[in-house]
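Have a look at the structure below and turn it around a few times. Then we'll walk through it piece by piece.

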Amino acid sequence: NSTAIKSSTIQHLTENTGFANKVRRLLEIESKGKMQYGVKRGKIHASNVYRVVLKDSPGYNERIFKKKIKSSVLDSAVLILGDISGSMSGSKSEHLLVSFCHLSDALGNALHIPLELLGFTEFECRNAIFVWRKFNDTILSREKLASRISHSFNYMNQNADGDSIIYAYYKLIQRKEKRKVLLVLSDGSPATSRGGDVWGYTKNVIAAIEKDRRVDILGIGIIDDNVKKLYKQHKVIKQISELEPALLSIIERKILR
């Protein structure tokens, strides 16, 4: 099928660029800054030892310690939803495939953050969800993931974004992790063969999730600006050279903090 990506192309697209190591370094930087000073218990903070000899300073002269604040970064669950409708064919689908491989390798394989990767389209006027990676998968090779995504490209059709986002949202809110993040990679053009105001419905679904605040939702536009009209939080990737910096920025802002 012409929509599927050839194996030689998959190999080229999924070459290891060291993206996971870049994310690890971001995590190390974020963790180093989490130190609380002037507390009553912990490790002695040399700069505050002078407080011990201060008189008439109840409490203050005891605050000579420092302690590391335990980060909740890894107490997160991330679900990434990918649009595999007909409008996502060509270079858009390649951008999506590379994005998913990078995010799977960094978040799932390297940091072991619970991660689920899904693709959505329609079969005969019904919603269809492809499961590329499950929350309980601890390791998934780039090659296997790319092969699964590429196979899904054979079934590109319409895309009911709103229904698929609701499905992903309810999967996330059942998770026990403190932080829940939903990333939607799409060209931001909802379409369905069932009729109705699919654009307005999708916008209302996203707005309700944003208002609820139990899940942090962000739209990533693949060579398209339409996500700006749907999501309060959004990022647009126009060309392959922007992909890694954009994904690193999203991980730093939405997941590692």
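What follows is a short tour, from the overall picture down to a few single residues.

## The big picture

First things first: this is a predicted model. The protein has 257 residues, and 49% of them count as buried. If you count up the secondary structure, you get 8 helices and 9 strands.

How much surface does the protein expose? It comes to about 13100 Å², and carbon and sulfur atoms supply 50% of that area. As for contacts, take those between residues at least 6 apart in sequence: 71% of them join residues at least 24 apart.

## The sheet

Now find the open sheet, which is formed by 6 strands. Walk across it and you meet them in the order E6-E5-E4-E7-E8-E9, with mixed pairing. Which strands stand at the edges? They are E6 and E9 (234-237), and each has a single partner strand, so one side of each has no neighbour in the sheet. The sheet isn't flat like a board, either: on average, neighbouring strands are turned by 20° against each other, direction ignored.

## Who pairs with whom

Let's start at the E6 end. E5 (115-123) and E6 (126-133) are antiparallel partners, joined over 7 bridges. To spot one of these on your screen, look for Gly119, whose bridge partner in E6 is Phe130.

Over on the other side, E7 (179-186) and E8 (216-222) pair in the parallel sense over 6 bridges. Here Leu185 has Ile220 of E8 as its bridge partner. E8 also runs parallel to E9, with 4 bridges joining the two; in this pair, Gly219 is matched with His234 of E9.

So how enclosed is E8? Since 6 of its 7 residues are buried, E8 is largely enclosed by the rest of the structure. While you're looking at strands, here is a handy general rule: in a regular strand, side chains alternate between the two faces of the sheet.

## A helix lying on the sheet

Next up is helix H5, which covers residues 161-173. Its 13 residues reach 18 Å from the first C-alpha to the last, close to the 18 Å expected at 1.5 Å a residue. The buried residues in H5 are Asp161, Gly162, Ser164, Ile165, Ala168, Tyr169 and Leu172. Why do they end up on the same side of H5? Because they cover an arc of only 160° around the axis.

And what covers those buried residues? The cover includes strands E4 (76-83), E5, E6, E7 and E8, together with helix H6 (198-212). H5 packs on the sheet, touching E4, E5, E6, E7 and E8. The direction of H5 makes about 160° with that of E7.

## Another one-sided helix

Helix H4 (residues 142-152) can be read in a similar style. Its buried residues are Arg142, Leu145, Ala146, Ile149, Ser150 and Ser152. Look down the axis of H4 and these residues fall within an arc of 155°, so they line one face of the helix.

## Two residues in helix H3

Helix H3 runs over residues 91-110, and two of its residues deserve a click. His102 is found in this helix and is buried, with a relative accessible area of 3%. What does His102 touch, leaving aside residues up to four places away in sequence? The list is Thr17, Phe19, Arg142, Leu243, Glu244 and Leu247. You've met Arg142 already, among the buried residues of H4.

Asp105 is also found in H3, and at 14% relative accessibility it counts as buried, because the cut-off is under 20%. Asp105 and Leu140 are 35 residues apart in sequence, yet their C-alpha atoms are 7.7 Å apart in space.

## Two loop residues with positive phi

Finally, look at a pair of loop residues. His112 has a phi near 60°, a positive value in a residue other than glycine. His112 lies in the loop between H3 and E5. Is it buried or exposed? With a relative accessible area of 51%, His112 is exposed.

Ile223 also has a positive phi, near 50°, and is a residue other than glycine. You'll find Ile223 in the loop between E8 and helix H7 (227-230). At 27% relative accessibility, Ile223 counts as partly exposed.

Methods. Residues are numbered from 1 along each chain as its sequence is written. This is a predicted model: local features need pLDDT of at least 70, side-chain atom pairs count only at pLDDT 80 or more; totals for chains, interfaces and linings use all residues. Side-chain values use heavy atoms; hydrogens and water are left out. Buried means under 20% relative accessible area, exposed over 50%, partly exposed in between (1.4 Å probe, protein chains only). The expected span of a helix is 1.5 Å times one less than its number of residues. The arc is that of the directions from the helix axis to the C-beta atoms. Contact means heavy atoms within 4.5 Å. Two strands pair if DSSP finds at least two bridges between them. Axes are lines fitted to C-alpha atoms, for helices over the stretch in contact, and angles run from 0 to 180 degrees between N-to-C directions. Accessible areas come from the Shrake-Rupley method with a 1.4 Å probe; for residues, only the protein chains shown count as cover.
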